[in-house]
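Reader: I am new to this structure and would like a close look at a single part of it, with enough of the surroundings to understand where that part sits. Please take me through it slowly.

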Amino acid sequence: MQALEKLLGEARDLAARELSPSENEAEVGRIMSICNACRYCEGFCAVFPAMTRRLEFAQADIHYLANLCHNCGACLHACQYAPPHEFTVNVPRAMARVRGETYSSYAWPRALGSLYKNNGLTVALALALSLALFLLLTVQVTGGVLHEPLAGNFFAIFPHNTLALMFGAVFGYAILALSIGVRRFWGEVSPGEISGESSAEAASNVLRLKYLDGGHGQGCNNEDDAYTLLRRRFHHFTFYGFMLCFAATSVATLYHYLLDLHAPYALSSLPVMLGIAGGIGLLIGPAGLLWLNLKRHPLHGDAAQKPMDRGFIALLLLTSLTGLLLLALRDTSVMGLLLAIHLGVVMALFLTLPYGKFAHGIFRSAALLKWSIEKRQPSRLQLGSE
Ligand code: SF4
Ligand code: SF4
């Protein structure tokens, strides 16, 4: 009986915590009230016109606005109330802190979201290392990590069905966890009805990373007041590099099952060419993002989230590096060694996708879709800029 009462008490505490705003949410509410009176930054991104449709900011509004923010830094450099002003208005930092909270509160399972949020870089690298070691041991036991050249035939090391089963399970888990997370977000922000026009606009905004152009086309801020398009470019290299690698795997799967054409494929084949293009994109993009991240202005974003951001960037870089190296040396005796390391890194990347920067891309896309829906609806206030 006592245990039941304790459990009920804990459930009540949890519900109360979820209903009352956190310190970071209250800070976004405070800043948005100042911005709503000022409105100087209205043209910078979607956050400000979405803000003008509200006079009060409920928890769901704050989560929506936080995920709509691209952390471009433009409003911090433009703001007359930014630190050291006594109002200490720092929109990108306040939004980033709430975003960080939403990554773990929407995550499934939530405990993994919190673990990754607090120790992103360590978790990412430890997971990649353990999986690679496990696969290396498997290769060693079954035939040795160093072997006679096998003409690039990966399936001589890991049978095709074993690989399909391992990656099917990991990929399925990532999709399930991301879907549950985005469903939680979508349900909370009550988006309204999706039309063809709003989804086309949101897709275009996502694919072009429209709001990383700073609202004037010259780009966002990184380390100082100067505008730069580099963040937009490196994000594009990363996103399209990832998509090309995904396309390479999908085409290879179709070759295998539909056309009965089995790997290894020639360098001039479609899956390999897509993989090389994707690998190069995934090398340039994350390397550039890491370089920008290291010299980012200290007032931008939330410094506590840097390990999580860098964990994701590190896994992307390791994926492309090991993948390209594996392709270059696939006809040598170290293919088994490189294959085990590459597969370990890719599995770690997929297992952590639902908890870090990738999830942020999904929530941001959902927030942009909500904005495209919302802006087509009449303002409930009848006094906003829309
Ligand atoms: S960030 Fe500063 S300048 Fe921009 S709308 Fe808010 S208060 Fe005004
Ligand atoms: S940091 Fe950039 S994206 Fe975020 S609210 Fe400010 S201007 Fe908009």
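Author: Helices and strands are DSSP runs, numbered from the N terminus, where a helix has at least four residues and a strand at least two. With that naming, Leu209 can be placed in the loop between helix H9 (196–208) and strand E1 (220–221). Phi of Leu209 is near 50 degrees, a positive value in a residue other than glycine. Is Leu209 buried, exposed or partly exposed? Leu209 has 18 C-beta neighbours inside 10 Å, and because a residue must have 20 or more to be buried and 12 or fewer to be exposed, Leu209 counts as partly exposed.

The part I will look at most closely is domain 1, with its ligands and its contact with domain 2, but the whole comes before it. This is a predicted model, and the mean pLDDT of the protein is 88, with 94% of its residues reaching 70 or more. Over residues 10–17, however, the pLDDT is below 50, and in the model this stretch has zero contacts beyond near neighbours in sequence. Where pLDDT is low, the predicted coordinates should not be read in detail.

The protein has 14 helices and two strands, and its C-alpha atoms fill a box of roughly 70 × 65 × 40 Å, taken along the principal axes. A compact globule of 386 residues would have a radius of gyration near 21 Å, and the 23 Å of the protein agrees with this. Of these 386 residues, 38% count as buried. Among the contacts with a separation of 6 or more, 76% are accounted for by residues 24 or more positions apart.

The domain assignment divides the protein into domain 1 (2–107) and domain 2 (114–357), whose C-alpha centres lie 29 Å apart. Their contact takes 25 residues from domain 1 and 24 residues from domain 2. On the side of domain 1 that touches domain 2, helix H4 (59–68), helix H5 (74–78) and helix H6 (91–106) each supply at least two residues, and H6 gives the most, with eight residues. By type, the residues of this side of domain 1 divide into 14 nonpolar, nine polar and two charged.

The two ligands bring some of these helices back into view. Around ligand 1 there are 13 residues, of which the closest are Cys35, Cys38, Tyr40, Cys41 and Cys79. The elements that give two or more residues to this shell are helix H2 (23–38) and H5, and H2 gives the most, with three residues. The shell around ligand 1 divides into eleven nonpolar residues, one polar and one charged.

Ligand 2 is surrounded by 15 residues, and the closest are Phe44, Cys45, Cys69, Cys72 and Cys75. Here the elements giving two or more residues are H5 and H6, with the largest share, three residues, coming from H6. The residues around ligand 2 divide into twelve nonpolar, three polar and no charged. H5 therefore deserves a second look when you turn the model, since H5 is named for the shell around ligand 1, for the shell around ligand 2 and for the side of domain 1 that touches domain 2.

Two further residues help to fill in this picture. Arg39 lies in the loop between H2 and H3, and its phi is near 60 degrees, a positive value in a residue other than glycine. With 14 other C-beta atoms within 10 Å, Arg39 is partly exposed. Phe48, found in helix H3 (residues 47–51), is buried, because 24 other C-beta atoms lie within 10 Å. Leaving aside residues up to four places away in sequence, Phe48 touches Cys35, Arg39, Cys41 and Glu42, and two of these, Cys35 and Cys41, are listed among the closest residues to ligand 1. Phe48 and Leu65 are 17 residues apart along the chain, and their C-alpha atoms are separated by 8.8 Å.

Two peptide bonds complete the tour. The bond from Trp108 to Pro109 is cis, with omega near -15 degrees, and Pro109 lies in the loop between H6 and helix H7 (110–142). Another cis peptide bond joins Ala263 and Pro264, with omega about 5 degrees, and Pro264 lies in the loop between helix H10 (230–257) and helix H11 (270–294).

How values were computed. Residues numbered from 1 in each chain as written. Chains lettered and ligands numbered in written order. Predicted model: local features only at pLDDT ≥ 70, side-chain atom pairs only at ≥ 80, totals over all residues. Domains from an automatic or database assignment. Contact = placed C-beta atoms within 7 Å. Nonpolar A, V, L, I, M, F, W, Y, C, P; charged D, E, K, R; others polar. Near = placed C-beta within 6 Å. pLDDT = per-residue confidence, 0-100. Rg over C-alpha atoms; globule rule 2.2 N^0.38 Å.
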